[in-house]
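Colleague: I would like to learn how to read a model like this one, going from the overall dimensions down to single residues. Could we take one feature at a time?

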Amino acid sequence: MNFIAKLFAVIQGLVVVLVTLSAAPALAHGEKAQQPALRMRTVHWFDVDLSTRKLAVNQMLVVKGSFIPSNSWPAHVASIENTAYLNIGVPGPSFVRLDSRINGVPTIRSSSYERGEQYNFEVTLKARTPGRYHLHPIINVKDAGPMIGPGIWVEVVGDQATFENSITTLFNQTLNLETHGFANAAVWSAAWLVLALVWFGYWLTKLPLVLPRYRRATALGENADEMITTRDRQAALVIMVATLMLVAGGFIYASERWPVTTPLQTGKVKTPTLKMAPSPVSVTMDDARYRIPGRSFRIELTVSNSGKGPLNIGEFASGGLRFINSAVLKVTPKDQDDLVAQDALRVEGGPIKPGATQKIVIYADDAMWETQRMTTMIASPDAVVAGMLFLFDAQGNRYPVEISGPMIPLFGG
Ligand SMILES: [Cu+2]
């Protein structure tokens with residue numbers, strides 16, 4: 001074997017090893033792969049929950065929650081303030097979506113969402129295919145891609161054969177959307193395939209093809225058109241007339257059969273922002289350091305409280321990870337993949353007294369930074385982090401506020 005051949009053999013071996021290693025059970029579907037900056041500085045999701053974790057085919061599932069587009073949205077990522085669309089990320093067509101609303105507005109179409117404003121969403125799904133799914137709310141931002149919300153496991157039981165998905169049209173026809181139009185699509189696909197095969201078959205009769213014909217065409221140079229015979233032109237004419245007749249005939253038939261049609265609605269709707277009570281909290285992030293060996297985030301804040309009672313910091317949430325201060329807030333994980341660290345937020349310098357402006361230091365320490373691959377943020381050329389801080393008063397009222405700023409990585413100590 002010469003050197004090149006040996007090299008190829010080694011590469012081939014490596015490929016086999018890599019493919020075998022990657023065949024371990026893959027339950028996640030890429031949520032960890034998204035850049036930390038995209039997860040921390042685009043959409044802050046919270047209160048996401050499902051009406052049930054287990055349901056049968058044909059039963060309804062309501063996905064509810066809130067989101068706030070980040071004020072620190074990266075400049076190089078297309079903005080949610082242009083065009084965005086709320087969706088549900090779930091493997092395959094396992095549900096059908098019957099209704100979807102943001103701040104009460106139906107989101108059949110795209111909309112745009114303002115940074116720093118809160119939006120409450122509610123999506124109603126009907127279970128279609130039995131299975132166990134990791135379901136995420138998603139906002140697709142035009143030119144930027146999907147911004148993925150927290151995932152929750154849901155199980156669908158039953159038999160897909162019993163699935164019903166019928167609608168009544170404005171003309172009182174009942175249509176079964178599982179099968180409606182299928183025969184039509186199949187017949188048209190077959191018709192075009194047959195026509196294409198006839199065209200292809202005609203040219204196959206002119207063997208030998210490809211290289212011999214190419215050589216002949218090259219040899220003939222400017223006179224290569226001589227290779228096209230009168231019979232070829234006649235065949236082309238027949239195929240062309242058949243194609244045009246199919247198109248025109250199909251159009252005339254469809255407009256006779258269905259005289260009234262409404263096109264799919266593709267415009268944009270306007271979503272009003274929520275009228276929120278003025279928040280008593282204002283926060284600036286003075287310093288943020290991520291200590292790599294300790295998987296520890298230390299953030300210095302200046303917090304002002306213009307309210308009437310003391311405020312405590314109960315939660316810091318960033319990039320889909322939730323760090324809870326258990327002295328203030330009790331949170332039970334929804335399932336084994338819920339990204340909640342129930343006792344991972346340490347707060348120094350609180351509570352924030354009414355009327356006061358205080359320096360606070362918070363520590364969000366958990367291995368999740370590493371296991372959820374958030375630590376690659378240290379490799380970002382734009383190392384700015386953002387997250388939501390949730391403050392609580394003595395009555396249990398919650399005040400969400402976004403914090404953001406540059407982050408400095410620490411490699412030791
Ligand atoms: Cu998932």
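Colleague: What radius of gyration does the chain have, and what would a compact globule of 413 residues have?

Modeller: Bear in mind throughout that this is a predicted model. The general idea is to set the radius of gyration against a globule rule, and here the chain has 30 Å, whereas a compact globule of 413 residues would have a value near 22 Å. The C-alpha atoms, taken along the principal axes, fill a box of roughly 95 × 75 × 45 Å.

Colleague: Into which domains is the chain divided?

Modeller: The assignment gives domain 1 (26-171), domain 2 (182-257) and domain 3 (281-410). For the spacing of domains one can compare centres over C-alpha atoms, and those of domain 2 and domain 3 are separated by 66 Å. A pair of residues can be read in a similar way: A186 and F390 are 204 residues apart in sequence, and their C-alpha atoms lie 54 Å apart in space.

Colleague: How many helices and strands does the chain have, and what percentage of its residues is buried?

Modeller: The secondary structure comes to six helices and 22 strands, while buried residues make up 24% of the 413 residues. As for contacts with a separation of 6 or more, 69% of them are accounted for by residues 24 or more positions apart.

Colleague: At what angle do helix α3 and helix α5 pack, and how far apart are their axes?

Modeller: One reads a helix pair from the angle and the distance between the axes: α3 (residues 182-204) and α5 (residues 230-257) pack at about 170°, with their axes 11 Å apart. Because angles over 145 degrees count as roughly antiparallel, α3 is roughly antiparallel to α5. On the α3 side the contact is made by A191, L195, V198, W199 and Y202, and on the α5 side by A235, I239, A242, T243 and L246. By residue type, the contact of α3 with α5 divides into nine nonpolar, one polar and no charged.

Colleague: Why is A186 classed as exposed?

Modeller: The general idea is to count neighbouring C-beta atoms, and A186, which lies in helix α3, is exposed because 10 other C-beta atoms lie within 10 Å, where the cut-off for exposed is 12 or fewer.

Colleague: How many of the ten residues of helix α4 are buried, and what follows this helix?

Modeller: Helix α4 (residues 211-220) is hardly covered, with a count of zero buried residues among its ten. After α4 comes G221, whose phi is positive, near 60°.

Notes:
Residues numbered from 1 in each chain as written. Predicted model: local features only at pLDDT ≥ 70, side-chain atom pairs only at ≥ 80, totals over all residues. Axes fitted to C-alpha atoms, helices over the stretch in contact; angles between N-to-C directions. Helix = DSSP H or I, 4+ residues; strand = E, 2+ residues; numbered from the N terminus. Parallel < 35°, antiparallel > 145°, perpendicular 65-115°, else oblique. Contact = placed C-beta atoms within 7 Å. Nonpolar A, V, L, I, M, F, W, Y, C, P; charged D, E, K, R; others polar. Buried ≥ 20, exposed ≤ 12 C-beta atoms within 10 Å, placed from the backbone. Domains from an automatic or database assignment. Rg over C-alpha atoms; globule rule 2.2 N^0.38 Å.
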